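Biologist: I am new to this structure and would love a close look at a single part of it. Could you walk me through the sheet and whatever packs around it?

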Amino acid sequence: KEQVAKDLPDITEQIIYCEMSDAQRKCYESEKSSIRNSILENIAALGYDRSAIAIFRGLTRLRQLANHPNMIDDNTGFDSGKFEEITSSIDSIVAEGHKILIFSSFVKHLKIVASYLNESGISHEVLTGSTTNRKEVVEHFQGDSSVKVFLISIKAGGVGLNLTAADYIFILDPWWNPAVENQAVSSAHRI
């Protein structure tokens, strides 16, 4: 790309660390303690090798809580520091007339953001593994200037997309394989 597209601007990456809200932190710490105890009991009973699934499940649950407590319980009523940062950024970027790609490993996280976009009247598209009209959804985002946000499951949208209409890309929760994230970012950074 560097050799054939000298005019393509460099990617500017910014990592934003978000503090949990007080209620979210309390919920997280309580859940972390419970998961730790459960994992230790599981290891004592079954051994480390046979406890890998329980460990992975616990870590995934904590990741979800760190994103937004509603990801593990729709009725928590807790807020999320990350969600506040995301929605504030969306509002200011959209107000400036830009388009945003938002990737997440968790479809439920995308649904929480979609709910906010609906309440705020921000036009958006969604692409997940269950999207049946992938081509139409992509074309609608690319071609309609009123569609400002594209919510994409990192698994469903990590490869094969050309989304050059977007100026900003959010990766809400890091994926275990950075190459998948790089591919997702490349979907907007194309000739």
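Modeller: Happy to: here is a walk through the sheet, its helices and the aromatic rings around them. Please keep in mind that this is a predicted model.

Let's begin with the sheet itself. It is an open sheet of 4 strands, arranged in the order S2-S3-S1-S4, and the pairing is parallel. At the edges you will find strand S2 (124–127) and strand S4 (168–171), each of which pairs on one side only. On average, neighbouring strands are turned by 15° against each other, with direction ignored. As background, the strands of a sheet pair through backbone hydrogen bonds, either parallel or antiparallel.

Now look at the S2 side. Strand S2 runs parallel to strand S3 (residues 149–153), and 4 bridges join the two. Within this region, Glu-125 stands opposite Phe-150 of S3. Leu-127 also belongs to strand S2. Is Leu-127 buried or exposed? Its relative accessible area is 1%, and under 20% counts as buried, so Leu-127 is buried. From Leu-127 to Phe-150 there are 23 residues in sequence, while their C-alpha atoms are 7.6 Å apart in space.

Next come two helices that pack on the sheet. Helix H5 (residues 134–143) touches S1, S2 and S3, and its direction makes about 150° with that of S2. Helix H3 (residues 81–95) touches strand S1 (100–104), S3 and S4, and its direction makes about 170° with that of S4.

The aromatic rings are a good thing to follow from here. The count comes to 2 aromatic pairs. One is formed by Phe-83 and Tyr-116, which meet edge-to-face, with 5.9 Å from centre to centre and 90° between the planes. This pair links distant parts of the chain: Phe-83 sits in helix H3 and Tyr-116 in helix H4 (residues 107–120), 33 residues apart. Phe-83 and Tyr-116 are both buried.

Phe-141 and Phe-150 form a pair too. Their ring centres are 5.0 Å apart and their planes lie at 40°, so this pair is tilted. Phe-141 and Phe-150 are both buried as well. Phe-141 has a further neighbour: Lys-99 lies over the face of its ring, at 4.4 Å from the ring centre.

Tyr-116 has already brought us to H4, so let's stay there for a moment. This helix has 14 residues and reaches 20 Å from its first C-alpha to its last, close to the 20 Å expected at 1.5 Å a residue. Which residues of H4 are buried? They are His-109, Leu-110, Ile-112, Val-113, Ala-114, Tyr-116 and Leu-117. The buried residues of H4 pack against helix H2 (52–67) and helix H3, and also against strands S1, S2 and S3. After H4 comes Gly-121, which has a positive phi, near 75°.

One last stop takes us to the loop between H2 and H3, where Pro-69 is found. Pro-69 counts as buried because its relative accessibility is 0%. Pro-69 and Asp-79 are 10 residues apart in sequence, and 7.3 Å separates them in space, C-alpha to C-alpha.

To retrace the route on your screen, start at the edge strand S2, cross to S3 through Glu-125 and Phe-150, go on to Phe-141 through the tilted ring pair, and finish with Phe-83 and Tyr-116, the pair that links H3 and H4.

Notes:
Residues are numbered from 1 along each chain as its sequence is written. This is a predicted model: local features need pLDDT of at least 70, side-chain atom pairs count only at pLDDT 80 or more; totals for chains, interfaces and linings use all residues. Side-chain values use heavy atoms; hydrogens and water are left out. Two strands pair if DSSP finds at least two bridges between them. Axes are lines fitted to C-alpha atoms, for helices over the stretch in contact, and angles run from 0 to 180 degrees between N-to-C directions. Contact means heavy atoms within 4.5 Å. Buried means under 20% relative accessible area, exposed over 50%, partly exposed in between (1.4 Å probe, protein chains only). Rings of Phe, Tyr and Trp (its six-membered ring) pair if their centres lie within 6.5 Å; planes under 30 degrees apart count as stacked, over 60 as edge-to-face and the rest as tilted. A charge sits over a ring if NZ of Lys or CZ of Arg is within 6 Å of the ring centre and within 35 degrees of the ring normal. The expected span of a helix is 1.5 Å times one less than its number of residues.
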